[in-house]
Amino acid sequence: MRYKQLSILILGVAGTCLAANAIADESLFGYVKGAETLPKGTWEFDQSFTYRDDKGSGEYSAWDSKTEVEYGVTDRFTASGYLKMQSIDMSDLVVDGYLPGNESYGLRPSGVEASFKYNFLSPAKDDFGLSGYLSLGYDWLDKHSGQDKDKYSIELELLAQKYFMEGQLIWAGNVGVEAAYAKRDQLSASRLAGLPEDYDWPTNPEMEVGLNAGTGLSYRFAPNWFIGAEALYETEFETEVGQERWSVFAGPSLHYGGQDWWATLTWFKQVRGGGETYEGQRDNDLHLIEKTEQEIRLKFGIDF
Amino acid sequence: MSKNNLNGLWLLSIAAIVTPAYAQDYLTAAHAQQAIFPDAEAYQPMLLKLNVSQRDKIQTLSGLRQRWEEQKVWRVEKAGKHVGWFIVDDVVGKHEFITYGIGLSLDGHVMGIEVMSYRETKGSQIRDAGWRQHLVGKTLSDPFKLDADVPNISGATLSCRNVMDGVKRLLALQKVALANG
């Protein structure tokens, strides 16, 4: 596992250092999105790695990789395509209906996505920036359990952005809703054999509706360097259990925006959460079934 | 969490820190002065110190904050006569400050603007004479509105806005703090 993770990091360092030519739609934050779009006819390559860690019991760590190619269709309209990958390393953790025991594999493709952003108001030109964001996704691996699960999703968001101090201080805020249709595959006989007899693993199709709201503030403290903080509230409602989960993550972000590339590093800690809990969960003020105690995300972007 | 994993992540921020920042200087103040006032014979430098009251007046006149307490100004002369002002200013770009020089006539018109240092990736068209020409002749009473009387440059909107606003602010500064003659 260590070698696989090292490979990810080498790829990240190489991509970061070999950058060629930059940037308009750069991410000041790891999770909160800005309202700006790419200029017409320009391309950008973005890559993010997210490390998710610790469910309070057993051993759980996972990497999510998201590779994005962005294109400015017009000055106001940006289209993007994504390839998602994930790795997982979970042991000594079984949660009825959610996490069916040990799983370990390296980075493998897990989904694809397309997104479209339309800018209604420019934060620099109109004083207050506002964009609409539409995302369509298809995933074939469940990011929590690592098991096979077909999920079709659509997400709509409003992205706001405001410059203060001539642009030295930047605020961004997002609100969104996501709807998804998901269906799990059956567990293998060998896996079932290792689980308790009454272990429940529903494979009926389920509908999920999620809501999210995020906010972030970033300050340019030196040429090219921004320090910020961001927070994200997420909740999800699901067919069988009603409100399945809610969580608030918050943490600092460090951003570098250079001539040729940008990079953002965010540490995101779950500060409160609720909804479903698992048997024996020690901290009931967090949601630890589909979320972890913390995440670390590195994003970087290169124009070409 | 494995410490090895975290150590790897911090490598990336170190990679960012050690990468040298890009900077591109195009003109010195002397070059910019000659470009705007080619017939001038003398440029008398002065460091203009602005008190709180003057900075407030500049903000009232222009609607823009006068960030700097000191401003580098040159009195431009020809044949011993005062013919204009040359001012060097810094405004916020997307990543770094943009440095430019502006020439003002004694009656408060923009005579010319030269970008002396621009470090952003997008928007190098700000340096083009075609874009800067839209600011020449402006007075404090002009609208100074992007995509109205000054064109926007896509991908560098913040830089365009701040240079344009900077010009308006310096016209207000001239009215508040620079005496002709």
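## Worked exercises on a predicted two-chain model

An open sheet of five strands in chain B has the order β1-β2-β3-β4-β5, with antiparallel pairing. Strands and helices here are DSSP runs (E, at least two residues, for strands; H or I, at least four, for helices), numbered from the N terminus. Two strands pair if DSSP finds at least two bridges between them.

Some ground rules first. This is a predicted model, in which local features need pLDDT of at least 70 and side-chain atom pairs count only at pLDDT 80 or more, while totals for chains, interfaces and linings use all residues. Residues are numbered from 1 along each chain as its sequence is written, and chains are lettered from A and ligands numbered from 1 in the order in which they are written.

### Exercise 1: the sheet of chain B

Task: Find which strands are the edge strands of the five-stranded sheet, then describe how helix α2 of chain B packs on the sheet.

Solution:
- Step 1. β1 (42–49) and β5 (110–117) of chain B are the edge strands, since each pairs on one side only.
- Step 2. On average, neighbouring strands of this sheet are turned by 25° against each other, direction ignored. Axes are lines fitted to C-alpha atoms, for helices over the stretch in contact, and angles run from 0 to 180 degrees between N-to-C directions.
- Step 3. Helix α2 (residues 29–36) of chain B touches β1, β2 (70–78), β3, β4 and β5 of chain B. The direction of this helix makes about 155° with that of β5(B). Contact means that the C-beta atoms of two residues, placed from the backbone, lie within 7 Å.
- Step 4. Look inside the sheet: β3 (residues 81–92) and β4 (residues 97–105) of chain B pair in the antiparallel sense over nine bridges. Ile87(B) has Ile102(B) in β4(B) as its bridge partner.

### Exercise 2: consecutive strands in chain A

Task: Work out how β11, β12 and β13 of chain A are joined.

Solution:
- Step 1. β11 (residues 225–238) and β12 (residues 242–257) of chain A run antiparallel, joined by 14 bridges. Here Glu238(A) stands opposite Gly242(A), and a hairpin of three residues makes the connection.
- Step 2. β12(A) and β13 (residues 261–275) of chain A also run antiparallel, with 11 bridges. Tyr256(A) stands opposite Ala263(A), and a hairpin through three residues again joins the strands.

### Exercise 3: buried or exposed?

Task: Decide whether Val32(A) is buried or exposed, and do likewise for Asp92(A) and Asp127(A).

Solution:
- Step 1. Recall the cut-offs: a residue is buried if 20 or more other C-beta atoms, placed from the backbone, lie within 10 Å of its own, exposed if 12 or fewer, and partly exposed in between.
- Step 2. Val32(A) lies in the loop between α1 (2–17) and β1 (43–53) of chain A. This valine is buried because 26 other C-beta atoms lie within 10 Å. Beyond residues up to four places away in sequence, Val32(A) touches several others, including Ala172(A), Gly214(A) and Leu232(A).
- Step 3. Asp92(A) sits in the loop between β3 (77–91) and β4 (94–95) of chain A. With 10 C-beta neighbours inside 10 Å, Asp92(A) is therefore exposed. Its phi is positive, about 55°, although it is not a glycine.
- Step 4. Asp127(A), in the loop between β6 (103–121) and β7 (128–141) of chain A, is exposed because 11 other C-beta atoms lie within 10 Å. Asp127(A) likewise is not a glycine, yet has a positive phi of about 75°.
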